[in-house]
Amino acid sequence: MGFSTKQIHAGVEPDPVTGSILTPVYQTTTFVQDSVDEYLSKGYSYSRSGNPTVQALEQKLTVLENGAACTCYATGMAAIQAVIQACLSGGDHAIISDVAYGGTYRLCTTVYRRYGVEFSFVNTADPDAVRAAVRDNTRLILTETPANPTLKLTDIAAISEIANRHGIPHAVDNTFLTPFYQRPLELGANISVHSTTKYFDGHNATVGGAVIADSDKLDEKMRFVQNAGGVIMSPWVAWLTLQGTKTLSIRLERQSANAQAIAEFLASHPKVTRAFYPGLESFPQHELAGRQASGFGAMLWFEVDGGVEAGKRLMDSVRLCTLAENLGSVETLITHPATMTHADVEQAERERVGITDGLVRLSVGLEDVEDLIDDLSGALQRI
């Protein structure tokens with residue numbers, strides 16, 4: 001089956017009792033057992049350990065990523081946390097992309113370092129740098145590609161080859177492109193991580209996360225953390241995400257087309273000093289973007305003439321684009337990473353990896369692209 005067919009039908013069966021075309025919301029704490037000897041004969045005992053609505057979403061995402069199994073979590077950061085907890089112990093070392101979501105950086109540096117876990121934030125766009133960073137105690141390589149917010153790319157196949165040679169799991173945060181455009185497991189990675197809050201939901205309605213593993217052995221480790229830590233996704237969130245996922249491909253195609261047009265507009269505007277989007281030929285890794293993914297996505301960033309203050313005035317001047325955190329929704333969202341999504345990253349570290357104070361991130365939505373361009377054009381004239 002094609003991707004769009006799978007995103008609608010995978011993991012979902014008509015309700016056996018009523019014939020409902022939608023998976024019911026099993027909003028229940030516990031499940032009655034037939035007898036002590038037949039405990040778990042129906043597969044469920046307690047919703048922290050597993051729930052039919054959540055399982056339907058897990059099965060769907062497994063199929064879309066071509067993985068072995070999936071676990072779903074209360075938030076995207078809970079999914080990242082599950083990967084860290086499943087793979088690392090005190091005294092272990094992990095390699096993390098130097099450009100990553102600020103919450104990932106915060107979790108590593110302010111939480112797990114306290115428990116004796118070592119982290120190296122490495123330019124994973126350079127396989128030689130990754131190769132040089134591997135230690136005897138390295139137990140995880142976690143890359144984010146495209147990276148938030150600079151869109152720096154990691155060659156998934158190249159880093160997976162290094163990881164696999166050393167017997168190290170390679171996890172890829174695939175939130176920005178989703179399995180519609182990029183499937184890390186097919187490129188040699190072992191784990192694909194998502195904030196389902198973003199494109200799977202697509203409507204700014206939920207927060208959630210998912211981890212798709214390439215083996216049952218890895219999935220067992222994730223499932224243990226999911227249960228032991230109590231970070232499973234709620235049934236209601238799973239149900240809403242199931243509905244959002246059905247339109248993922250058609251939304252992302254439109255959003256990406258809009259992003260391409262906006263990026264071309266911004267790249268030629270006299271008040272824009274820099275515009276970065278993987279679909280532009282000027283993007284430094286344009287060839288890699290086209291090679292390892294089937295689309296360029298709907299995220300872009302730019303800087304305006306006049307620096308930080310001009311950028312802030314622009315973000316305060318837009319009328320259709322919405323100033324807010326989050327991304328991947330039907331609404332176009334404009335964000336200032338230095339004060340919003342990456343505020344917990346030290347300024348020196350932000351500057352080192354290219355997250356400048358003047359960087360403006362745009363998550364392009366489904367609006368008519370002419371209206372979005374008019375909005376940005378008017379805001380640029382007002383700065």
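Does F180 count as buried or exposed, and at what relative accessibility? In this predicted model, F180 counts as buried because its relative accessibility is 15%, under the 20% cut-off. Its partner Y181 counts as buried too, at 11% relative accessibility.

Let's look at the rings themselves. A pair of aromatic rings is described by the distance of the centres and the angle of the planes. The structure holds nine aromatic pairs, and two of them are set out here.

| Pair | Centre to centre | Angle between planes | Class |
|---|---|---|---|
| Y105 and F121 | 4.9 Å | 50° | tilted |
| F180 and Y181 | 4.8 Å | 35° | tilted |

The pair of F180 and Y181 has company: ring pairs link F3, F180 and Y181 into a cluster.

Now to the other pair in the table. The planes of Y105 and F121 stand at 50°, so the pair is tilted. Y105 and F121 link distant parts of the chain, 16 residues apart: Y105 sits in helix α4 (residues 102-111), while F121 belongs to strand β3 (residues 118-122). Both Y105 and F121 are buried.

Helix α4 deserves a visit of its own. Seven of the ten residues of α4 are buried, which leaves the helix mostly covered. Y105 is one of these buried residues, and with it come G102, G103, T104, L107, C108 and T109. The cover over the buried residues of α4 includes two helices, α3 (76-87) and α13 (347-352), along with the strands β2 (93-97), β3 and β4 (138-144). Strand β3, the home of F121, is thus among the elements that cover α4.

How values were computed
Residues numbered from 1 in each chain as written. Predicted model: local features only at pLDDT ≥ 70, side-chain atom pairs only at ≥ 80, totals over all residues. Heavy atoms only, no water. Phe/Tyr/Trp six-rings, centres within 6.5 Å; stacked < 30°, edge-to-face > 60°. Helix = DSSP H or I, 4+ residues; strand = E, 2+ residues; numbered from the N terminus. Buried < 20%, exposed > 50% of the residue type's maximum accessible area, 1.4 Å probe, protein only. Contact = heavy atoms within 4.5 Å.
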